[in-house]
Amino acid sequence: VYLSIIGNRISDIAENCLTKAHYLAERINEIDDYQLLNDAHFYNEFVIKCKNKSKTLQDLKENGIVAGYDLENDFSSLKDCLLFCVTEMNSFEDIDFLIDVLKNTKG
């Protein structure tokens, strides 16, 4: 149903997701206590290593942000790692708010 509604705009939506995901990943990677584990080849999901994962998840939740799937639950080798995803539903304002929360968390 979704694809039938958006039709040929799928490429614009995909480009939007890609641009926003790379913007978020680059901005998170600039914060001292976070490290991007992906190389430059990803679409809309990427892995971030945190110095204080539990505080990061708590602060995100307290600010109404559902972000950062805890990868350690499924992959023991990815301790302190969170999976982030960006879709067309995320605005640049939403992303900047998430960045501000992470800057204040120092995860």
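Leucine 3 sits in helix α1. The model described here is predicted. Leucine 3 is exposed, with a relative accessible area of 57%. Together with Tyr2 and Ile10, Leu3 forms a nonpolar patch on the surface. The accessible area of these residues together is about 300 Å².

Helix α2 covers residues 10-29 and has 20 residues. From its first C-alpha to its last, α2 reaches 28 Å. That span is close to the 28 Å expected at 1.5 Å a residue. Several residues of α2 are buried, among them Ile13, Cys17, Lys20 and Ala21. His22, Leu24, Ala25, Arg27 and Ile28 are buried as well. An α-helix has 3.6 residues a turn, so residues three or four places apart point the same way. The buried residues of α2 pack against two helices, α1 (2-6) and α4 (92-105). They also pack against the strands β1 (34-36), β2 (45-50) and β4 (81-85).

Tyrosine 43 also touches residues of this region. Tyrosine 43 is found in the loop between β1 and β2. At 40% relative accessibility, tyrosine 43 counts as partly exposed, because the partly exposed class lies between 20% and 50%. Its contacts are Ala14, Cys17, Leu18, Ala21 and His22, leaving aside residues up to four places away in sequence. Of these contacts, Cys17, Ala21 and His22 are buried residues of α2. The C-alpha atoms of tyrosine 43 and lysine 20 are separated by 9.8 Å. Along the chain, tyrosine 43 and lysine 20 are 23 residues apart.

Charged pairs were examined next. A search of the whole structure finds seven salt bridges. One of the salt bridges joins the side chains of aspartate 33 and lysine 51, at 4.0 Å from N to O. This pair links distant parts of the chain, 18 residues apart. Aspartate 33 lies in the loop between α2 and β1. Lysine 51 lies in the loop between β2 and α3 (53-62). Aspartate 33 is buried, with a relative accessible area of 18%, whereas lysine 51 is exposed, with a relative accessible area of 65%. Aspartate 33 counts as buried because its 18% falls under the 20% limit.

Lysine 53 takes part in two of the pairs described here, one with aspartate 70 and one with glutamate 72. Lysine 53 lies in helix α3. Its relative accessible area is 10%, and lysine 53 is therefore buried. In the salt bridge between aspartate 70 and lysine 53, the closest N and O atoms are 2.9 Å apart. Here too the pair links distant parts of the chain, with aspartate 70 in strand β3 and lysine 53 in helix α3, 17 residues apart. Both aspartate 70 and lysine 53 are buried. The two side chains also make a polar contact, at 2.9 Å.

In the salt bridge between lysine 53 and glutamate 72, the closest N and O atoms are 2.7 Å apart. This pair also links distant parts of the chain, 19 residues apart. Glutamate 72 lies in the loop between β3 and β4. At 30% relative accessibility, glutamate 72 counts as partly exposed.

Aspartate 70 has further partners. This residue is placed in strand β3 (residues 69-70). Aspartate 70 counts as buried, at 15% relative accessibility. Its side chain reaches the backbone nitrogen of glutamate 72 at 3.2 Å. Aspartate 70 touches Lys53, Leu57, Cys81 and Leu82, not counting residues up to four places away in sequence. Lysine 53 is thus both a contact and a salt-bridge partner of aspartate 70. Glutamate 72 is reached by the side chain of aspartate 70 and forms a salt bridge with lysine 53.

Salt bridges also form a network elsewhere. Arg27, Glu30 and Asp96 are linked in this way. Arg27 is one of the buried residues of α2.

The loop between β3 and β4 also contains aspartate 80. Aspartate 80 has a positive phi of about 65°, although it is not a glycine.

How values were computed:
Residues numbered from 1 in each chain as written. Predicted model: local features only at pLDDT ≥ 70, side-chain atom pairs only at ≥ 80, totals over all residues. Heavy atoms only, no water. Helix = DSSP H or I, 4+ residues; strand = E, 2+ residues; numbered from the N terminus. Expected span 1.5 Å × (residues − 1). Buried < 20%, exposed > 50% of the residue type's maximum accessible area, 1.4 Å probe, protein only. Contact = heavy atoms within 4.5 Å. Patch = residues over 30% accessible without salt bridge, like charges linked within 9 Å, V, L, I, M, F, W, Y side chains within 5 Å. Areas by Shrake-Rupley, 256 points an atom, 1.4 Å probe, with all protein chains shown as cover. Polar contact = N/O pair within 3.5 Å; in protein donor to acceptor, adjacent residues only side chain to side chain.
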